[in-house]
Amino acid sequence: MNRAFLRSWEEFNLQEIEKSLLVIGELSADCYSCHKIGIDLKAHVCPGCGTNFKYIGFRKKVDGAYVHRLKAEMPYAVFIDFEDFKKATGKNEARKLLDI
Ligand SMILES: [Zn+2]
């Protein structure tokens, strides 16, 4: 099959991501919304705040094969670049401060 996972640019609602983002690290994951740590990598729901994870970000470097495996287990998830997300939210925070 001539298919592969490639990263692409898309516009997202940052507030929506902030509310339902699971951030995957080396051994466990954390909830971006309530900051609970030590969450199972394949959790669908946050054991801390009960949010349903829709977005997945990564603190580690991942490749297409890893995302492919994860996607098979979490077909509902949207995989985002966590660095992009942090940059985007950082910019928004700066903009808010400038508006005051
Ligand atoms: Zn949570």
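Visitor: Among contacts between residues at least 6 apart in sequence, what share joins residues at least 24 apart?
Guide: This is a predicted model. Take the contacts in the protein between residues at least 6 apart in sequence. The share of them that joins residues at least 24 apart is 48%.

Visitor: What pattern do the helices and strands follow along the sequence?
Guide: The protein has 3 helices and 4 strands. Helix α1 covers residues 14-19. Read along the sequence, the pattern is α-β-β-β-α-β-α.

Visitor: What does the C-alpha trace span along its principal axes?
Guide: The protein has 100 residues, and 30% of them count as buried. Along its principal axes, the C-alpha trace spans about 50 × 35 × 20 Å.

Visitor: In what order do the strands sit in the sheet?
Guide: The sheet is open, and its pairing is mixed. Its edge strands are β2 (29-31) and β4 (78-79), each pairing on one side only. The order is β2-β1-β3-β4.

Visitor: Which residue in β3 stands opposite V23?
Guide: Strands β1 (residues 21-24) and β3 (residues 55-58) run parallel, joined by 4 bridges. One residue opposite another here is I24, which faces F58 in β3. Opposite V23 stands G57.

Visitor: Which residue in β4 stands opposite I56?
Guide: Strands β3 and β4 run parallel. They are joined by 2 bridges. Opposite I56 in β4 stands F79.

Visitor: Which buried residues cover the two faces of β3?
Guide: In a regular strand, side chains alternate between the two faces of the sheet. In β3, both faces are covered. The buried residues are Y55 and G57 on one side, and on the other I56 and F58.

Visitor: At what angle does helix α2 run to β3?
Guide: Helix α2 takes in residues 64-73. It lies across β1, β3 and β4. To β3, helix α2 runs at about 150°.

Visitor: Which residues coordinate the zinc ion?
Guide: Look for the SG atoms at 2.2 to 2.3 Å from the zinc ion. In sequence, the donor residues are spaced C-x2-C-x11-C-x2-C. They are C31, C34, C46 and C49.

Visitor: What geometry does the zinc site have?
Guide: Four donors count as tetrahedral if all angles lie between 85 and 135 degrees. The ideal angle for four tetrahedral donors is 109.5 degrees. Here the angles among the 4 donor atoms are 107 to 111°, so by that cut-off the site is tetrahedral.

Visitor: Is C34 buried, partly exposed or exposed?
Guide: Buried means under 20% relative accessible area, exposed over 50%, and partly exposed in between. C31 has 1% relative accessibility, so C31 counts as buried. C34 has 31%, so C34 counts as partly exposed.

Visitor: With which side chain does the side chain of D30 make a polar contact?
Guide: D30 is found in strand β2. Its relative accessible area is 13%, so D30 is buried. Leaving aside neighbours within four places in sequence, its contacts include L21, V23, K36 and I37. The polar contact, at 2.9 Å, is with the side chain of R59.

Visitor: Is L22 buried or exposed?
Guide: L22 is found in strand β1. Not counting residues up to four places away in sequence, L22 touches several residues, among them A29, D30, F53, I56 and M74. Its relative accessibility is 0%, so L22 counts as buried.

Visitor: What phi does H35 have?
Guide: H35 is found in the loop between β2 and β3. Its relative accessibility is 60%, so H35 counts as exposed. H35 is not a glycine, yet its phi is positive, at about 65°.

Visitor: What distance separates the C-alpha atoms of L22 and H35?
Guide: L22 lies in strand β1, and H35 in the loop between β2 and β3. They are 13 residues apart along the chain. Their C-alpha atoms are separated by 9.7 Å.

Visitor: How many Å apart are L14 and H35, C-alpha to C-alpha?
Guide: L14 lies in helix α1. L14 has 18% relative accessibility, so L14 counts as buried. In sequence, L14 and H35 are 21 residues apart. In space, C-alpha to C-alpha, the distance is 17 Å.

Key
Residues are numbered from 1 along each chain as its sequence is written. This is a predicted model: local features need pLDDT of at least 70, side-chain atom pairs count only at pLDDT 80 or more; totals for chains, interfaces and linings use all residues. Side-chain values use heavy atoms; hydrogens and water are left out. Donors are N, O and S atoms within 2.8 Å of the metal (3.2 Å for Na, K and Ca); water is not among the atoms, so sites may look incomplete. Four donors count as tetrahedral if all angles lie between 85 and 135 degrees; four count as square planar and six as octahedral if opposite donors are over 155 degrees apart and all others between 65 and 115; anything else is irregular. Buried means under 20% relative accessible area, exposed over 50%, partly exposed in between (1.4 Å probe, protein chains only). Two strands pair if DSSP finds at least two bridges between them. Contact means heavy atoms within 4.5 Å. Axes are lines fitted to C-alpha atoms, for helices over the stretch in contact, and angles run from 0 to 180 degrees between N-to-C directions. A polar contact is a pair of N or O atoms within 3.5 Å; within protein, one must be able to donate a hydrogen and the other to accept it, and residues adjacent in sequence count only if both atoms are side-chain atoms.
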